[in-house]
Amino acid sequence: MKAVSKVVAAAILVAGMATPALAEMELSFYSGIQESPHSRVEGNDPGGLGAFSFLSEWEGRSFDMPPYYGLRGTWWTPGNPNLGFGLEFTHNKVYADDATLRDNGLNTLEFTDGLNLVTANVWYRWPGAWANGNLTPYVGGGVGVAIPYVEFATAGGSTFEYQMTGAAVQAVAGIKYNLSDSWAIFGEYKGTYSMNEADLSNGGTLSTDIVTNAINVGVSFSF
């Protein structure tokens, strides 16, 4: 979702320029393997399925275009340099599998451009814990909104558009390895939960709560 990612990146850069001299700003980019367990999909599809309720099996297909990725900005506070605050954009994605489509009369059901989440985060880190001071464990969590690209098509019509569909939360635990004073690589587990209440173009509705689980690898730049 290019527009949202550009807005988040601009906000991160502005925040970095506004921070005090003793603070640390960290910009991060990551990708990885993201999957999602099944969830119940409910709603109403006039002229197509009518009222519906079924379990969807989701596929992540992390490396299919457009791929799974995330952008993150963190401000480590000067008063407590182990405590951080920031913004994050995550381009999650889920596809209903072939059996779900076939068994429920669907042509398309997916959030692949994507199941986009924008969150405000809080972080805590333990710098220099291992490996001669180069390994830093960290944990974090965030709350925000889901802005997916809703893709739903049946005999009753099709919906292909971005919508703000509800609240989202995330939890992260990882380890960062310092390559230099400015550059680092990291690996982490990230879980998200989003509530998605979407409007269909034919006047219907669609709702589903989606959990994602991801193993990320990425690179960070601090200044």
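**Exercise 1. In which sense do S12 and S13 pair, and over how many bridges?**

Solution. Step 1: take the strands as DSSP runs (E, at least two residues; helices are H or I runs of at least four), numbered from the N terminus. Two strands pair if DSSP finds at least two bridges between them. Step 2: S12 and S13 are antiparallel, with 17 bridges. Within this pairing, Gly-187 has Val-217 of S13 as its bridge partner. Step 3: five residues stand between the strands in the hairpin of S12 and S13, where Gly-203 has a positive phi near 95 degrees.

The model is predicted: local features need pLDDT of at least 70, side-chain atom pairs count only at pLDDT 80 or more, and totals for chains, interfaces and linings use all residues. Residues are numbered from 1 along each chain as its sequence is written, and side-chain values use heavy atoms, with hydrogens and water left out.

**Exercise 2. Describe how strand S11 is connected to strand S12.**

Solution. Step 1: the residue ranges are 166-178 for S11 and 183-199 for S12. Step 2: these strands pair in the antiparallel sense over 11 bridges. Step 3: one bridge is that of Ala-168 to Ser-194 in S12. Step 4: four residues make up the hairpin link from S11 to S12.

**Exercise 3. Which salt bridges involve Arg-72 and Lys-190, and are these residues buried or exposed?**

Solution. Step 1: apply the criterion, a side-chain nitrogen of Lys or Arg within 4 Å of a carboxyl oxygen of Asp or Glu. The whole structure gives seven salt bridges. Step 2: Arg-72 forms a salt bridge with Glu-188, with 2.8 Å between the closest N and O atoms. This pair links distant parts of the chain, with Glu-188 in strand S12 and Arg-72 in strand S5, 116 residues apart. Step 3: Lys-190 forms a salt bridge with Glu-88 at 2.7 Å between the closest N and O atoms. Glu-88 is in strand S6 (residues 83-96) and Lys-190 in strand S12, so the pair ties together parts 102 residues apart in sequence. Step 4: salt bridges with shared partners join Arg-72, Glu-88, Glu-188 and Lys-190 into one network. Step 5: use the accessibility classes, where buried is under 20% relative accessible area, exposed is over 50%, and partly exposed is in between (1.4 Å probe, protein chains only). Glu-188 and Arg-72 are both buried, and so are Glu-88 and Lys-190.

**Exercise 4. Classify the accessibility of Glu-59 and Arg-61.**

Solution. Step 1: their side chains meet in a salt bridge (2.8 Å, N to O). Step 2: Glu-59 is partly exposed because its relative accessibility is 30%. Step 3: Arg-61 is partly exposed because its value is 32%.

**Exercise 5. What is the volume of the largest cavity, and which strand gives the most to its lining?**

Solution. Step 1: a cavity is a set of points, on a 1 Å grid over the protein atoms alone, where a 1.4 Å probe fits but cannot get out; lining residues have an atom within 4 Å of a point. Volume is the space filled by probe spheres set on the points, which are joined across faces, edges and corners. Step 2: the structure holds one cavity of 30 Å³ or more, and the volume of the largest cavity is about 140 Å³. Step 3: its lining includes Arg-72, Trp-76, Trp-123, Tyr-138 and Phe-186. Step 4: S5 gives the most, with three residues.

Terms used: 1 Å grid on protein atoms, 1.4 Å probe; cavity = no way out; pocket = protein on both sides within 12 Å on 5 of 7 lines; lining within 4 Å.
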